[in-house]
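Here's a quick tour of one sheet, the helices that pack on it, and a few cysteines. Have a look at the fold before reading on.

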Amino acid sequence: MKRILVTGGAGFIGSHLCERLLAQGHEVLCVDNFYTGARRNVGHLLSNPGFELLRHDVTFPLFVEVDEIYNLACPASPIHYQYDPVQTTKTSVHGAINMLGLAKRRKAKIFQASTSEVYGDPTVHPQPEEYWGNVNPIGFRSCYDEGKRCAETLFFDYRRQHNLRIKVARIFNTYGPRMHPNDGRVVSNFVVQALKGQPITLYGDGLQTRSFCYVDDLVEGFLRLMATGDEITGPINLGNPGEFTMRQLADLVVEITGSKSQIEHRPLPQDDPKQRQPNIAKAKEILDWEPTIPLRQGLEKTVAYFDGLLKSDAELAKA
């Protein structure tokens with residue numbers, strides 16, 4: 001049994017990770033400032049004696065006794081990370097410094113949740129880990145893209161300078177229950193709009209592509225990477241290589257929800273990648289990992305979650 005810190009643990013992915021770690025018999029310290037995370041994501045875990053919830057912002061140091069650290073703290077959707085871009089960069093950079101400092105003091109193994117956004121608007125397709133990316137350093141998305149790139153730099157410098165045990169995963173588009181309903185991500189956008197019967201907003205011509213990984217598959221990749229020997233550092237891509245256009249996704253969501261929503265086209269945002277698909281050869285070889293949950297099956301679970309959430313919120317509004 002280990003005592004494991006999960007920053008951003010009340011967020012979408014973090015809450016699922018906390019669940020899995022508790023199921024393995026570990027003690028989990030979930031840290032979140034609730035900027036985008038929510039208590040309801042971990043409410044069912046509060047009665048577990050191995051679970052502890054702490055409100056804290058990782059841009060400030062944290063002094064706790066832990067054996068492993070999963071650093072997931074950072075707003076990850078454009079709406080949230082662009083709302084306060086300076087704080088977003090601070091969360092990525094200062095947060096990494098503070099968690100790396102904690103890992104150094106505790107001699108703890110530390111995991112960094114990086115992102116496919118380090119590849120920017122890629123000129124190589126699909127994206128292997130060796131690709132250095134095509135990132136605009138001064139654009140609207142730079143606070144997140146460059147913040148995460150700098151965090152990776154810090155992790156590898158701490159490895160070289162202090163022999164820290166690090167693991168870096170680059171996360172591609174992930175979806176599933178507990179996504180924030182107003183995060184502006186394409187899956188939550190389409191599902192909520194379809195359930196409400198609103199027009200589904202499709203940016204550009206709808207032919208830009210994404211690869212969607214269900215959250216359970218992603219968390220399994222996290223655990224497998226963390227369990228590797230100290231010589232395995234990453235970065236390793238974790239995502240589903242199945243590639244879909246935004247139009248295909250919209251049509252599938254409409255079909256699953258039975259919605260009568262119409263498609264509404266809007267201009268493509270600045271620096272929005274045209275293609276995004278992971279090369280997961282390393283994950284297959286090193287972790288024996290690849291996604292197992294097809295998009296339709298994952299979307300059905302996600303639609304059921306949002307349907308319940310919207311009905312619950314409507315009932316609360318009536319009360």
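A disulfide here is a pair of cysteine sulfur atoms within 2.5 Å. By that rule, a search of the whole structure turns up zero disulfides. The table gives two of the cysteines, each too far from the closest cysteine sulfur for a bond; buried means under 20% relative accessible area, exposed over 50%, and partly exposed in between (1.4 Å probe, protein chains only).

| Cysteine | Closest cysteine sulfur | Relative accessible area |
|---|---|---|
| Cys18 | Cys30, 4.3 Å | 0%, buried |
| Cys150 | Cys74, 12 Å | 32%, partly exposed |

Keep in mind that this is a predicted model: local features need pLDDT of at least 70, side-chain atom pairs count only at pLDDT 80 or more, and totals for chains, interfaces and linings use all residues. Residues are numbered from 1 along each chain as its sequence is written, and side-chain values use heavy atoms, with hydrogens and water left out.

Now the sheet. Helices (H or I, at least four residues) and strands (E, at least two) are DSSP runs numbered from the N terminus, and two strands pair if DSSP finds at least two bridges between them. Seven strands form an open sheet in the order E3-E2-E1-E4-E5-E6-E11, with parallel pairing. E3 (51-55) and E11 (236-238) sit at the edges with a single partner strand each, so one side of each has no neighbour in the sheet.

Five bridges join E1 (residues 3-7) to E2 (residues 27-32), and Leu5 has Leu29 in E2 as its bridge partner.
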